[in-house]
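Let's take a relaxed walk through a protein model. Have the sequence and the 3D view open, and follow along from the whole chain down to single residues.

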Amino acid sequence: MSVSTLIPAAFPALALAHFLALLSPGPDFFLIIGHAVRHRLRGSLFICLGIALGNALYICLAVSGWSVMRQMPALYRLLELAGAAYLAWLGFLLLRASRKAANSKPTPDQHAPSQPSPNQTGSLATGHASPLSPGRQLLTGLGSALLNPKNAVFYLTLMTVILGPAATLPQQAFAGLWMTLLVFAWDAALAAAISLPGAQRALEKRIPLIEGLAGLTLASIALWLALQPLFY
């Protein structure tokens, strides 16, 4: 089997377009930041996996020629509103966690313990909140990816416009697998970077602020998705 059997001629252009899209922060980025800043990689790894699986589903739909998103604007709008509501809920949860963490900080007149308690040593998770279970992480990431209809249009464009109709099924499968693995690797690397000891020390006093900003950003994206028809 030759390389060209699996790798289409347009693959470099597709890979570059996909990677540049990953560099642009979106809802998934802020969702991962909001969880990884407190719970590190263990509290966000399955969110990354859920996001990758959601992307994989849309890639499969694009490969199968599913173009209903372009043919049925009402369905697209319905998914967009559902996604906006979901992002608003995720943003609310992060804002609530941020507020609880800020309110639980010791006041200046309180005496700090001479030694850190066991659940504070070497961890950003200081007991204010527990990380989501792997199953809930997976569903959270999957919901974030699937309720963003722009993912469907984006992958449909990549697979139909850049690869074109000449691409074979094995070539489409290779491109889809590449993009799915890259999404997971990129998101997991982001969470892992936040989990590094140096990053934790730098971020330790800023957890409520970062959580709050991530939550506010998700809520703002949700508001924009809900109101953008008014501006066009």
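Reading along the sequence, you meet the pattern α-α-α-α-α-α-α-α-α-α-α. In other words, the secondary structure of the protein chain comes to 11 helices and zero strands. Helices here are DSSP runs of H or I with at least four residues, strands are runs of E with at least two, and both are numbered from the N terminus.

A quick word on where this comes from: the model is predicted, so local features need pLDDT of at least 70 and side-chain atom pairs count only at pLDDT 80 or more, while totals for chains, interfaces and linings use all residues. Residues are numbered from 1 along each chain as its sequence is written, and side-chain values use heavy atoms, with hydrogens and water left out.

**The chain as a whole**

How much of the protein chain is buried? Buried residues make up 38% of the 232 residues. Buried means under 20% relative accessible area, exposed means over 50%, and partly exposed is in between (1.4 Å probe, protein chains only). The accessible surface of the chain comes to about 12,600 Å², and 71% of that surface belongs to carbon and sulfur atoms. Those areas come from the Shrake-Rupley method with a 1.4 Å probe, and for residues only the protein chains shown count as cover.

Now for contacts, meaning heavy atoms within 4.5 Å. Take the contacts between residues at least 6 apart in sequence: 89% of them join residues at least 24 apart.

**Helix H3 and its partners**

Two packed helices are described by the angle between their axes and the distance between the axes. Axes are lines fitted to C-alpha atoms, for helices over the stretch in contact, and the angles run from 0 to 180 degrees between N-to-C directions. Here is H3 (residues 27–39) with three of its partners.

| Pair | Angle | Axis distance |
|---|---|---|
| H3 and H4 | roughly 165 degrees | within 10 Å |
| H3 and H9 | roughly 30 degrees | within 9 Å |
| H3 and H11 | about 160 degrees | 9 Å |

Angles under 35 degrees count as roughly parallel, over 145 as roughly antiparallel, 65 to 115 as roughly perpendicular and the rest as oblique. A crossing is left-handed if the near helix is turned anticlockwise from the far one by less than a right angle, and right-handed if clockwise.

Start with H4 (residues 45–63), whose axis crosses that of H3 at roughly 165 degrees. That makes H3 roughly antiparallel to H4. On the H3 side, the contact is made by Asp28, Leu31, Ile32 and His35, and on the H4 side by Ile47, Cys48 and Ile51. The crossing is right-handed.

With H9, the axes cross at roughly 30 degrees, so H3 is roughly parallel to H9. This crossing is right-handed too. Phe29, Ile32, Ile33, Ala36 and Val37 of H3 meet Asp187, Leu190, Ala191 and Ile194 of H9.

Finally, H11 (residues 207–227) packs against H3 at about 160 degrees, so the two are roughly antiparallel. H3 passes H11 in a left-handed crossing. The H3 residues in this contact include Phe30, Gly34 and Arg38, and those of H11 include Ile210, Ala214 and Leu218.

**Four residues to look up**

Thr180 sits in helix H9 (residues 169–195). Is Thr180 buried or exposed? It counts as buried, because its relative accessibility is 14%. A polar atom of the Thr180 side chain lies 2.9 Å from the backbone oxygen of Gly176. Leaving out residues up to four places away in sequence, Thr180 touches Ala52, Ala56 and Ile59.

Arg40 is in the loop between H3 and H4 and is partly exposed, at 22% relative accessible area. Most residues other than glycine have a negative phi. Arg40, though, has a positive phi, near 60 degrees. Arg40 and Gln200 are 160 residues apart in sequence, yet their C-alpha atoms are 8.7 Å apart.

Lys150 belongs to helix H8 (residues 149–162) and is partly exposed at 38%. Which residues does Lys150 touch, not counting those up to four places away in sequence? They are Tyr76, Glu80, Leu225 and Gln228. The C-alpha atoms of Lys150 and Glu80 are separated by 8.3 Å, with their positions 70 residues apart along the chain.

Last comes Ala13 in helix H2 (residues 11–23), partly exposed at 45% relative accessibility. Its C-alpha atom is 8.7 Å from that of Leu163, 150 residues apart along the chain.

Key:
Polar contact = N/O pair within 3.5 Å; in protein donor to acceptor, adjacent residues only side chain to side chain.
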